[in-house]
Amino acid sequence: MSAVAVAANDKAFETVRTPDPEPRPIKIKASDVSVFYGEKQALFDVSIDIPERAVTAFIGPSGCGKSTFLRCFNRMNDTIDICRVTGEMLVSDANIYDPRLDVVELRARVGMVFQKPNPFPKSIWDNIAYGPKIHGLAKTKAEFDVIVEESLQKAGLWNEVKDRLHEPGTGLSGGQQQRLCIARAVAVSPEVILMDEPCSALDPIATAKVEELIDELRENYTIVIVTHSMQQAARVSQRTAFFHLGILVEEGPTNVLFTSPKEKRTQDYITGRFG
Ligand SMILES: Nc1ncnc2c1ncn2[C@@H]1O[C@H](COP(=O)(O)OP(=O)(O)O)[C@@H](O)[C@H]1O
Ligand SMILES: [Mg+2]
């Protein structure tokens, strides 16, 4: 029987979990989350606790469901017509699939940064001020200026752009554009930042800058990052979750997962036997 068939067979599969030596408070709690695209099931009963103010990495071969699972955290899957999500997902103990929930507000609390930097075709200043404007976080130009500066500072971009705030965001380098997108997410005071392969379009130097930034941001935000790079997961995350064929195979402290995985499939993946 394939792994998928086993999993579909009423949870015959159990995720292997290694707790943190000093567990942190839980920010996101997923219980038995399954995702379907039409008839096709992409995720099978995934349960995981995501700790607050730490970086959790999702790794696994292409097509294993990492992005699908990440998109459950701020209901981005709602935007895909054929997509259906079952199970429970709590952010700060509140059920984010509650029909009364304001999804726009959720996506400010749980921000997202995508694979390809996607600044709006507007000025750097407007890129940052846009979200706070929509959410009514500021009124006067001076208040917006403060948010713009603070957000760019937090994203490590202020010194590079402070003299060109009214030039288009799309005129920045790829790495700067990605930090602009992180600043844009930060501008609406999120609790969680989701990042889906945020460095895959960047060169090694820009990647190193974004990784440094992620390490700084974790002091104040809960970060979940999807990465196809095991080296990146090892560098930036405190916990790692390994997915295979829509199943969460194993999750634990990053150093444990990479140095002494408990599951054969994790071992095979991290030693490069497949993927
Ligand atoms: N919009 C979509 N419509 C239909 N199937 C999809 C869609 N997005 C992803 N899938 C399928 O769901 C599975 C998991 O995909 P994905 O979450 O993108 O994996 P990963 O991010 O790990 O590469 C794959 O089989 C993929 O083809
Ligand atoms: Mg993906």
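**Exercise 1. State where Gln 176 lies in this predicted model, and decide whether it is buried or exposed.**

Step 1. Gln 176 is placed in helix α7, which covers residues 174-186.

Step 2. The cut-off for a buried residue is under 20% relative accessible area. Gln 176 has 13% relative accessibility, so it counts as buried.

Step 3. With neighbours within four places in sequence left aside, Gln 176 is in contact with Leu 157 and Glu 160.

**Exercise 2. Do the same for Asn 127, then describe how the buried residues of its helix pack.**

Step 1. Asn 127 is in helix α4, residues 124-134.

Step 2. Its relative accessibility is 1%, and Asn 127 therefore counts as buried.

Step 3. Not counting residues up to four places away in sequence, Asn 127 touches Pro 119, Phe 120, Lys 122, Gly 169, Leu 180 and Arg 184.

Step 4. The buried residues of α4 are Ile 124, Trp 125, Asn 127, Ile 128, Ala 129, Gly 131 and Pro 132. These buried residues pack against α5 (141-154), α6 (158-161) and α7.

Step 5. After α4 comes Gly 136, with a positive phi near 65 degrees.

**Exercise 3. Give the strand order of the open sheet of 7 strands and identify its edge strands.**

Step 1. The order is β1-β11-β10-β4-β9-β8-β7, and the pairing is mixed.

Step 2. An edge strand pairs on one side only; here the edge strands are β1 (16-17) and β7 (110-113).

**Exercise 4. Work out how β10 is joined to β4 and to β11.**

Step 1. Begin with β4, residues 55-59. It runs parallel to β10, residues 239-244, and 4 bridges join the two strands.

Step 2. Particular bridge partners can be located in the structure. Ala 57 has Thr 240 of β10 as its partner, and Ile 59 has Phe 242 of β10.

Step 3. Turn to β11, residues 247-253. Here β10 is joined by 6 bridges, and the two strands run antiparallel. The bridge partner of Phe 243 in β11 is Leu 248.

Step 4. β10 and β11 form a hairpin with 2 residues between them.

**Exercise 5. Establish whether the faces of β10 are covered or open.**

Step 1. Side chains in a regular strand alternate between the two faces of the sheet.

Step 2. Sort the residues of β10 by side. Arg 239, Ala 241 and Phe 243 are on one side, while Thr 240, Phe 242 and His 244 are on the other.

Step 3. The residues on both sides are all buried, and both faces of β10 are covered.

Step 4. The count for the strand is 6 buried residues of 6, so β10 is largely enclosed by the rest of the structure.

**Exercise 6. For Asp 93 and Leu 245, give the phi angle, the location and the accessibility class.**

Step 1. Asp 93 is not a glycine, yet its phi is positive, about 70 degrees.

Step 2. Asp 93 is found in the loop between β5 (83-91) and β6 (94-95).

Step 3. The cut-off for an exposed residue is over 50% relative accessible area. At 70% relative accessibility, Asp 93 therefore counts as exposed.

Step 4. Leu 245 is not a glycine either, and has a positive phi of about 50 degrees.

Step 5. Leu 245 lies in the loop between β10 and β11, in the turn of the hairpin that these strands form.

Step 6. Leu 245 has 40% relative accessibility, so it counts as partly exposed.

**Exercise 7. Describe the protein chain as a whole: its elements, dimensions, burial, contacts and charges.**

Step 1. The chain has 11 helices and 11 strands.

Step 2. Along its principal axes, the C-alpha trace spans about 60 × 40 × 35 Å.

Step 3. A compact globule of 275 residues would have a radius of gyration near 19 Å; the chain has 19 Å, which agrees.

Step 4. Of the 275 residues, 52% are buried. The chain exposes about 12900 Å², with 50% of this supplied by carbon and sulfur atoms.

Step 5. Take the contacts with a separation of 6 or more. Residues 24 or more positions apart account for 68% of these.

Step 6. There are 32 positive and 37 negative charges, and their mean positions are 2 Å apart.

How values were computed. Residues are numbered from 1 along each chain as its sequence is written. Chains are lettered from A and ligands numbered from 1 in the order in which they are written. This is a predicted model: local features need pLDDT of at least 70, side-chain atom pairs count only at pLDDT 80 or more; totals for chains, interfaces and linings use all residues. Side-chain values use heavy atoms; hydrogens and water are left out. Helices (H or I, at least four residues) and strands (E, at least two) are DSSP runs, numbered from the N terminus. The radius of gyration is taken over C-alpha atoms; the globule rule is 2.2 Å times the number of residues to the power 0.38. Buried means under 20% relative accessible area, exposed over 50%, partly exposed in between (1.4 Å probe, protein chains only). Contact means heavy atoms within 4.5 Å. Accessible areas come from the Shrake-Rupley method with a 1.4 Å probe; for residues, only the protein chains shown count as cover. Lys and Arg count as positive and Asp and Glu as negative; His and the chain ends are not counted. The place of a charge is taken as NZ of Lys, CZ of Arg, CG of Asp or CD of Glu. Two strands pair if DSSP finds at least two bridges between them.
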